[in-house]
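Please look at the model below before reading my notes. The points go from one helix to one loop residue and then to the contact of the two chains.

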2 protein chains.
Amino acid sequence: MNKTEQLDRLCIDTIRFLAVDAVQKASSGHPGMPMGAAPMAYVLWTKFLKFDPSDPHWPNRDRFILSAGHGSMLLYALLFLTGYEEMTIDQIKNFRQWDSNTPGHPESLLTEGVEVTTGPLGQGFGCGVGMAIAERYLAALYNTPEHNIIDHYTYAITSDGDLMEGVASEAASIAGHLGLGKLVYLYDDNHVSIEGSTKLAFTEDRGRRFEAYGWHVEHAEDGNDLAEIETAIEAARLELERPSLVIVRTHIGYGSPHKQDTAAAHGEPLGAEEVRLTKEALGWPLEPDFLVPDEALAHFREARARGELLNGEWQSRFSVYEENMPGEASRFQAALKRELPDGWQDSLPSFKTGDGPLATRVASGKCINALAPKLPQLLGGSADLAPSTMTLIEGGGDFEPGSTGRNLHFGVREHGMGAIVNGMARHGGVIPYGATFLIFSDYMRASIRIGALQQAPAIWVFTHDSVGLGEDGPTHQPVEHLMSLRAIPGLVLIRPADACETAAAWREALKLYRRGVPVAMALTRQKLPVLDFADAAAGVARGAYVISEAAGGAMVIDVILIATGSEVHVALEARRLLQERKIQARVVSMPSWEMFEEQDEEYRQEVLPAAVATRVSVEAGVTLGWSRYVGGAGAAVGIDRFGASAPGGIVMDKLGINAENVAAKALKLIAHEPGKAAWDL
Amino acid sequence: MNKTEQLDRLCIDTIRFLAVDAVQKASSGHPGMPMGAAPMAYVLWTKFLKFDPSDPHWPNRDRFILSAGHGSMLLYALLFLTGYEEMTIDQIKNFRQWDSNTPGHPESLLTEGVEVTTGPLGQGFGCGVGMAIAERYLAALYNTPEHNIIDHYTYAITSDGDLMEGVASEAASIAGHLGLGKLVYLYDDNHVSIEGSTKLAFTEDRGRRFEAYGWHVEHAEDGNDLAEIETAIEAARLELERPSLVIVRTHIGYGSPHKQDTAAAHGEPLGAEEVRLTKEALGWPLEPDFLVPDEALAHFREARARGELLNGEWQSRFSVYEENMPGEASRFQAALKRELPDGWQDSLPSFKTGDGPLATRVASGKCINALAPKLPQLLGGSADLAPSTMTLIEGGGDFEPGSTGRNLHFGVREHGMGAIVNGMARHGGVIPYGATFLIFSDYMRASIRIGALQQAPAIWVFTHDSVGLGEDGPTHQPVEHLMSLRAIPGLVLIRPADACETAAAWREALKLYRRGVPVAMALTRQKLPVLDFADAAAGVARGAYVISEAAGGAMVIDVILIATGSEVHVALEARRLLQERKIQARVVSMPSWEMFEEQDEEYRQEVLPAAVATRVSVEAGVTLGWSRYVGGAGAAVGIDRFGASAPGGIVMDKLGINAENVAAKALKLIAHEPGKAAWDL
């Protein structure tokens with residue numbers, strides 16, 4: 001070995017043993033992946049990756065994603081060694097401990113330098129595709145022949161597990177279709193999965209499959225041959241018409257005499273004795289643990305000077321851009337900060353009763369198209385349902401191989417869409433949305449969740465939000481989905497009752513975007529009257545509000561009817577029926593539980609006074625959860641079964657989502673006595 | 001055209017116009033797919049498919065799956081024309097109406113002859129793989145060199161959407177790996193998706209991709225050329241080492257002058273005028289609608305005689321089998337009826353306090369291995385987590401290319417696993433299970449749901465069921481998943497508190513299997529004491545039970561603590577703390593909401609008497625939903641945020657899942673007055 005080779009080896013082994021020691025100290029973690037993948041990561045981070053440890057948010061940095069998130073120590077070691085300030089050796093010694101920034105799997109919210117939260121396999125793979133899409137979109141939006149403001153690569157290290165996951169298959173097909181040439185993925189091909197050899201379940205021809213998707217595939221046969229890896233990455237970078245997969249043959253647990261190339265190296269510490277043997281085998285000092293040779297550190301830390309230089313060059317370029325194109329430059333910077341232009345809200349349409357009946361998905365489409373001219377950073381698409389989800393930006397152009405417009409066509413790939421939109425949101429500079437039927441939120445639930453976990457502010461447009469969609473039947477009729485989405489921490493669900501509430505929902509969605517909160521909208525397929533309630537906007541902003549007071553006023557309420565979305569109309573009709581019986585009902589429209597729960601106690605009491613315990617909720621979904629608001633003395637009208645195929649109105653009616661049933665339930669509660677309950681409408 | 005050709009054409013157009021007319025009459029549906037795919041379906045159903053319309057459940061029938069479920073009228077037309085009794089012309093006229101057996105998408109629960117419920121794309125594709133696995137397993141189990149009892153093909157018609165979905169990608173990779181040669185899929189390659197040409201989003205090389213998975217790929221360039229289709233299917237059937245994909249170039253809306261080859265033919269009626277023009281274009285009488293020419297019907301109905309013959313031959317073979325191998329024959333028949341052998345329950349292990357502490361996943365593994373010798377129809381596997389989910393049947397052998405054992409290796413493909421296990425359950429004759437971490441139930445949620453919808457009795461083994469899993473962190477820690485699974489109609493969730501409850505959970509899971517109810521089990525990673533409660537088995541069977549009575553007896557209960565799974569131990573410790581303060585707490589273990597809700601009112605009152613309104617629930621998950629049991633006067637201890645990476649006990653403790661917090665909450669409820677609430681433990 002010459003000196004350079006010696007230094008390279010020293011640096012690589014520093015990564016390896018930081019991982020080995022951290023996992024050993026934590027008595028928990030995945031040493032094998034970092035041990036095998038350290039060389040490719042070293043080559044990538046020292047020879048190619050453009051980043052500035054002193055400025056982790058430098059907008060034009062290359063993005064790096066560790067899709068194989070279980071190998072988190074690889075990433076933490078790189079962040080520490082290259083000089084990210086918050087990543088200290090103490091944090092690494094605190095790997096997987098409470099309050100550290102070195103959790104079991106990388107979390108972008110916790111750790112500077114972690115671009116996306118990964119761990120659940122395939123998610124990082126898909127996010128990278130989203131980042132490359134965002135990069136291309138921003139480049140098209142801001143660059144000019146004279147100014148190159150956004151121009152970066154997106155790299156990832158992916159694993160066998162990533163490549164097996166359907167979400168990655170979907171994202172890979174989209175990336176190949178779009179020809180995302182600045183996407184370069186290294187595949188840590190180590191032949192071992194948790195149950196044993198990949199021969200057990202993963203014998204497909206990966207290279208050929210990716211070629212079929214339209215990818216450029218490179219091979220590095222020896223995962224320790226730095227020159228070979230470098231050549232392959234260079235070839236991948238030079239290919240700008242297709243995304244690239246560099247298949248690197250590695251050895252899990254490299255260097256461990258007894259565990260290399262076995263599943264035992266995957267998910268548990270090597271054990272003290274094997275750590276010793278591995279250090280001996282690779283010629284590493286047995287003491288101290290967490291050894292970082294000065295020479296290695298110095299070499300890694302060159303990243304700082306390199307980063308400052310690259311960043312500085314870019315800052316200079318950007319200064320010229322600012323001078324020449326001040327409007328674009330300030331819009332660019334505002335977009336990165338998630339600021340919205342003055343007066344953006346004014347473009348939202350207002351609806352009048354005469355505009356109806358109108359499906360809320362249609363109203364949503366009008367909102368998108370009203371916002372689009374004001375918000376060039378808004379782009380998105382649907383999983384092959386745009387004509388139904390009404391999410392097309394008219395005149396926005398298509399994001400396709402030959403054009404970089406605002407309408408993405410995800411194909412029938414909900415999960416891929418989910419991960420991609422998360423990646424776009426995490427890239428920054430864009431407001432991304434993804435759309436499908438509410439039922440298919442199940443297909444992408446893992447992405448919705450990990451988006452909420454990392455506060456990737458996507459806007460999910462879920463239409464066809466109840467059995468009211470009708471004939472397509474129970475395979476397409478969501479029942480449990482509203483409540484299941486409410487159950488996800490950090491996600492806000494908004495289910496507007498009419499066109500006016502829909503406009504307000506879009507306003508709130510964008511406000512939440514600014515706070516980094518992802519939003520799911522539930523919208524109807526069926527037409528609904530426009531309620532044109534004077535204060536819908538203010539009401540929606542508070543999550544729930546009195547949309548129709550009891551006829552006699554707030555002091556004489558017999559029952560509160562609480563409804564969401566299309567069922568607000570049912571509640572309003574039930575109020576009328578009750579009124580005929582001299583029963584005073586207040587109707588509360590509750591488009592968003594999460595937003596209501598953010599309100600102060602006073603407002604919540606105002607809407608749902610404790611004194612009125614007689615309450616009936618109406619929602620065309622499972623009743624599970626509604627006891628939170630109707631309490632022990634109330635009743636929940638809902639659908640605790642699967643739907644059925646028939647015209648939507650009939651299904652609603654047959655399943656009891658109608659005013660008569662709601663009024664009857666209210667009367668029964670009020671009557672108390674069995675005799676009075678037998679109320680015949 | 002010669003006479004045969006004329007008859008073929010007549011039959012094919014009969015299918016086409018039944019679909020066109022039914023969709024037109026319903027004002028809803030998907031005419032284009034049946035119009036394009038009718039020829040391939042006709043060839044398959046008249047030349048290859050072994051089935052007996054008079055005996056839809058004939059065990060050795062070929063399985064046919066319309067994975068492109070939106071083309072349901074294609075299937076209903078075939079069922080009617082070939083003579084399935086329940087499928088009448090009136091049902092077809094009632095397409096997509098309340099109470100018909102012709103719903104918008106095929107539902108196996110509603111309609112004889114529908115093998116699996118389809119519509120959500122990719123699910124049928126995956127189910128077919130499961131059916132081929134079940135077939136191969138049963139053949140290995142029951143066939144002998146002399147007796148061929150199970151020997152059938154599994155066919156499907158799949159669409160662009162199916163092939164785009166990740167669930168299908170995963171299932172395809174598994175099928176290719178396993179070399180499921182008796183799987184023959186026809187791909188309706190019509191170049192059109194909802195948003196327009198497949199060029200918008202689906203330009204990958206499908207054939208090459210499937211070859212990369214290890215499939216045999218055939219092409220039929222003209223979807224109206226019956227001979228070409230027949231040749232391709234024949235070649236597919238002859239290839240027994242690899243699954244086959246027959247790519248058939250079709251034209252959506254074939255024959256419609258203005259809508260053929262357009263997205264407009266996909267999801268809406270052609271319209272009266274276009275129906276007329278299409279009939280004219282294809283030389284079909286304009287009147288009456290729903291025309292079924294006698295000659296066509298007679299030709300289709302030959303399926304009955306053919307079916308009786310095939311079925312009869314098989315019955316004869318089976319009679320000989322019964323004579324020679326009576327034990328096997330009766331076991332086979334019992335398995336098809338989901339009967340379990342006498343004494344199967346006796347094999348379940350019993351656990352004593354001394355056996356612990358024991359993770360419930362470990363106890364579950366012992367149950368699986370105790371049941372396995374008694375239940376040869378039990379097989380399953382994990383999505384590359386078997387060593388963690390403890391689902392390996394020791395000595396059961398692997399289900400692999402060269403061997404047909406009981407341990408399936410799904411790879412890191414949860415969604416594919418979900419669809420495959422559903423298909424196995426729908427095939428019959430096997431008790432299939434699928435396992436992964438509870439967090440990854442999100443990846444396969446669409447399959448769990450459609451399994452519940454069609455009562456496909458799978459057993460889902462979900463381990464690592466709370467933040468108690470510790471260091472892997474919030475990406476791996478389920479929080480909302482217990483409640484989200486409870487929200488799915490028709491699914492039973494069981495979360496046992498210790499090894500004894502786990503054994504009881506397996507007993508109940510198998511009893512539910514017999515009723516066609518799928519079950520999800522939530523099991524711990526962490527060790528738990530064995531409670532060895534005398535009546536755990538009876539208690540679990542009722543969903544909830546008093547596991548520890550208030551010290552003073554049922555008449556003096558101050559508070560009821562309701563807990564599930566690992567939190568039962570927290571509740572028991574809280575009871576002790578309260579007891580020290582002379583507070584009488586009853587502890588209710590509630591492993592299954594669904595099973596508890598099936599109990600009569602008397603029992604439910606016995607466990608949760610209305611008189612005791614002071615209740616505290618404890619579950620290491622979202623509190624959403626718990627107000628159902630704790631009511632307005634109670635409190636829910638849970639986790640309404642994401643977890644964190646740290647040792648499990650620490651995470652539990654930091655997030656308030658500990659006895660002190662539960663006891664404090666109980667005291668606060670009891671104290672009423674603010675002063676008393678300030679209780680310092």
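1. Helix α8 of chain B, residues 206-213, is largely enclosed by the rest of the structure, because six of its eight residues are buried. The model is a predicted one, and the points here should be read as describing that prediction.

2. Which residues of α8(B) are buried? They are B:R206, B:G207, B:R209, B:F210, B:A212 and B:Y213. The cut-off for calling a residue buried is a relative accessible area under 20%. In an α-helix there are 3.6 residues a turn, so residues three or four places apart point the same way.

3. The two ends of this helix deserve a look. At the N-terminal end of α8(B), B:D205 acts as a cap, with a side-chain oxygen 3.3 Å from the backbone nitrogen of B:G207. Just after the helix comes B:G214, which takes a positive phi of about 100°.

4. Next, a loop residue. B:T524 sits between β16 (519-522) and β17 (527-528) of chain B, in the loop that joins them. Is B:T524 buried or exposed? Its relative accessible area is 1%, so B:T524 is buried.

5. What does B:T524 touch? Leaving aside residues up to four places away in sequence, its contacts are B:A359, B:T360, B:R361, B:H464, B:D465 and B:S566. Within its own loop, a polar atom of the B:T524 side chain lies 2.8 Å from the backbone oxygen of B:Q526.

6. Now the two chains together. The contact draws on 98 residues from chain A and 98 residues from chain B. The size of an interface is often given as the accessible area lost when the parts come together. For chain A and chain B the buried area is about 8000 Å², with 57% of it on carbon and sulfur atoms.

7. Polar and charged pairs also cross this interface. There are 53 residue pairs in polar contact, both residues being at pLDDT 80 or more. On the side of chain A that touches chain B, 43 residues are nonpolar, 29 polar and 26 charged. Eight salt bridges are found between the chains. One salt bridge joins the side chains of A:R449 and B:E480, at 2.7 Å from N to O.

8. How are the copies arranged? A turn of 180° and a shift of 0.0 Å along the axis lay chain A on chain B with an RMSD of 0.0 Å. This is the relation of a two-fold axis. Of the interface residues of chain A, 100% are also interface residues in chain B, so the copies meet through the same surface.

Key: Residues numbered from 1 in each chain as written. Chains lettered and ligands numbered in written order. Predicted model: local features only at pLDDT ≥ 70, side-chain atom pairs only at ≥ 80, totals over all residues. Heavy atoms only, no water. Contact = heavy atoms within 4.5 Å. Buried area = accessible area lost by both parts, 1.4 Å probe. Salt bridge = Lys/Arg side-chain N within 4 Å of Asp/Glu carboxyl O. Polar contact = N/O pair within 3.5 Å; in protein donor to acceptor, adjacent residues only side chain to side chain. Nonpolar A, V, L, I, M, F, W, Y, C, P; charged D, E, K, R; others polar. Least-squares fit on C-alpha atoms with pLDDT ≥ 70 in both. Helix = DSSP H or I, 4+ residues; strand = E, 2+ residues; numbered from the N terminus. Buried < 20%, exposed > 50% of the residue type's maximum accessible area, 1.4 Å probe, protein only.
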